[in-house]
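Visitor: I would like to go through this model term by term, asking each time what the wording rests on. Please show it first.

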Amino acid sequence: MQLTDVRREYQTGDVPTVALAGVSLKVQRGEFVAIVGPSGSGKSTLMNLIGCLDRPSAGTVTISDKDISTLDDNELTALRSRAIGFVFQQFQLLPLTSAVENVAAPLLYQGIRPREAHKRAAAMLTRLGLGERLDFDRGRLSGGQQQRVAISRALVTNPDLVLADEPTGALDTSSGAAVMEVFKEMNAEGRTIVLITHDLEVAATAKRRVYIRDGLIERDEADAMVSTP
Amino acid sequence: MNLWLTFRLSLSRIAAAKVRSALTMLGVIIGVSAVVALTAVGQGAEQGIDSSLASLGANQIIVSATSPTGLDENDAAAIAEIEGVLKTSTEVRTQGTIAYGSESINASIIGVSPTYEDLGNPDVAIGSFLPTSPGLQNSRTIVISARGADRLEFTTASIGDEVRVNGLAFTVVGVLDDADGFGSGVNVYITQEAARSLFSKSPYLSVIRIQAESQEAVPPVEYRVESFLRFSKNVQDDDDATFSIFNQAALQDTIRTVTGTLGILITGIAGISLVVGGIGIMNIMLVSVRERTREIGVRRAIGARQSQILTQFLMEAVVLSTLGGLIGLTIGQLASYGFSILGGWEFFIDPTTVFLALGFSALVGIVFGVWPARTAAKLQPVDALRFE
């Protein structure tokens with residue numbers, strides 16, 4: 001995954017806002033990277049670009065050797081579905097849907113048969129210690145449990161890259177620590193993890209930290225591909 | 001995400017917001033139930049009129065006198081000889097009072113020729129109709145319609161009893177089931193000879209019933225009868241006519257025209273109410289897309305294609321409208337069952353009605369669901385996720 005001199009601007013009313021002012025970043029397969037920055041630094045925009053949810057205003061984003069600005073909506077969706085798993089700050093479990101149905105949803109969108117999807121979702125939840133709560137909806141799960149459901153949902157498609165936006169932001173310390181343990185294990189299995197956070201303690205778990213401020217990379221502690229504006 | 005799962009998801013979504021779903025469906029429910037009930041009333045009424053007409057007997061033409069001297073026995077004899085005429089019967093009518101025990105009522109007294117039973121098809125409930133053998137034509141026998149029997153407080157043992165017709169004793173031989181036709185009057189039947197000897201000495205007739213040889217023969221026979229009567233009565237223009245000719249088929253045509261107009265009216269009401277119902281569904285679906293923007297964003301992020309989001313919202317609109325159609329259909333059928341009891345016609349569930357009601361409500365869901373569903377599908381994932 002590679003970003004080259006990526007800019008992203010938004011038009012809010014008449015005022016153009018620069019979210020990313022030219023970022024270059026390369027993440028290799030198997031890395032565990034934390035993107036660290038205060039709110040408004042452009043780290044969410046960065047995550048949206050890496051996650052194929054958005055396209056850059058200028059520059060190129062290459063995921064699995066594909067330049068995302070050349071892909072149409074369906075191709076981007078297919079890339080997301082196959083290669084990327086998302087974990088959101090507020091868990092974002094689907095409403096009116098049980099834990100196992102949430103985890104099965106990405107598989108169903110891929111066109112996998114319901115029975116098979118259900119089986120794989122249940123297996124993933126069991127691995128993350130939620131085997132007893134497959135049929136619970138989000139109202140009957142604690143924050144930590146909901147986030148584990150969300151992580152299961154991100155992992156169930158067996159993606160190369162897991163993108164997590166403040167995964168511990170809505171959790172208490174111990175649940176947050178448990179969630180970080182899960183990420184470490186995932187990374188140990190060879191999965192690439194990109195974590196976005198403003199919490200330095202959380203960032204310390206990662207093997208590499210990229211500090212971002214005002215739309216620019218400030219510091220890259222692994223010293224790989226430092227950006228220049 | 002296959003259609004069955006999408007369908008189940010829509011159902012649980014609708015079930016989760018019952019009040020809102022019910023209010024959304026209300027337009028379709030009212031529209032469909034009103035149309036189903038009105039259609040059933042129309043069909044029931046038509047069926048009732050048809051069976052009343054059918055009880056009059058097939059292939060008949062009825063000539064009624066419009067003045068006391070409008071028709072006479074010579075006319076009847078001549079008409080019986082006209083080509084295409086199978087049978088005729090004649091009636092003289094007068095008003096009188098019928099007394100039985102302490103009860104007394106006003107009635108139309110109808111003196112009928114012996115052939116009346118074949119043409120008029122009286123539906124005898126108890127006893128028999130008037131005697132037909134020539135030797136018994138002067139007997140003082142009487143047949144009373146169901147309504148008359150009811151008002152005179154007959155019992156089953158009243159057959160064979162005497163009633164007084166304008167003070168003269170007649171023996172009751174039969175009670176009819178339902179021969180009064182329209183209106184609320186009471187008909188009683190006596191032989192024409194008895195009527196002539198007692199009330200109506202003149203050779204004039206009130207009604208000549210004609211049965212044509214076949215259905216095809218009805219129009220030519222009607223034409224010949226009318227020509228003959230115009231000639232023999234020397235009718236120059238329609239105002240002079242002393243008779244009117246009534247043809248059952250023509251009446252049926254008129255009724256069909258009326259019910260046809262009613263049908264167009266019902267279709268119009270159906271169309272308007274379904275459009276209104278559809279707009280209600282569209283409105284709620286647009287609100288729903290807005291409320292669920294973040295959910296749409298999450299679904300896009302975890303791999304839902306635009307087409308899958310479109311299908312989900314379209315399915316919801318169609319399930320809403322079809323469910324509304326189903327509820328409306330049920331209410332409409334219950335109402336028509338009620339009407340059928342009140343109106344005394346047969347209740348039946350018309351498969352065409354069921355098919356059209358459900359088909360059109362589904363169509364409403366598709367037509368009015370497309371725009372909200374497209375709005376949902378076109379949301380950019382990043383905008384949808386950022387939406388608060």
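Visitor: How many residues does each chain bring to the contact between chain A and chain B?

Guide: The contact takes 21 residues from chain A and 18 residues from chain B, where two residues are in contact if their C-beta atoms, placed from the backbone, lie within 7 Å. This is a predicted model, in which local features need pLDDT of at least 70 and side-chain atom pairs count only at pLDDT 80 or more, while totals for chains, interfaces and linings use all residues. Residues are numbered from 1 along each chain as its sequence is written, and chains are lettered from A and ligands numbered from 1 in the order in which they are written.

Visitor: Which residues of helix α3 (residues 73-80) of chain B are called buried?

Guide: They are D75(B), A76(B) and I79(B), and the word applies because a residue is buried if 20 or more other C-beta atoms, placed from the backbone, lie within 10 Å of its own, exposed if 12 or fewer, and partly exposed in between. On the other side of α3(B), N74(B) and A77(B) are exposed.

Visitor: Why are the buried residues said to lie on the same side of α3(B)?

Guide: They cover an arc of only 100° around the axis, and therefore share a side of α3(B); the arc is that of the directions from the helix axis to the C-beta atoms.

Visitor: What do the buried residues of α3(B) pack against?

Guide: They pack against β2 (71-72), β3 (85-100), β10 (204-205), β11 (207-212) and α7 (218-232) of chain B, helices (H or I, at least four residues) and strands (E, at least two) being DSSP runs numbered from the N terminus.
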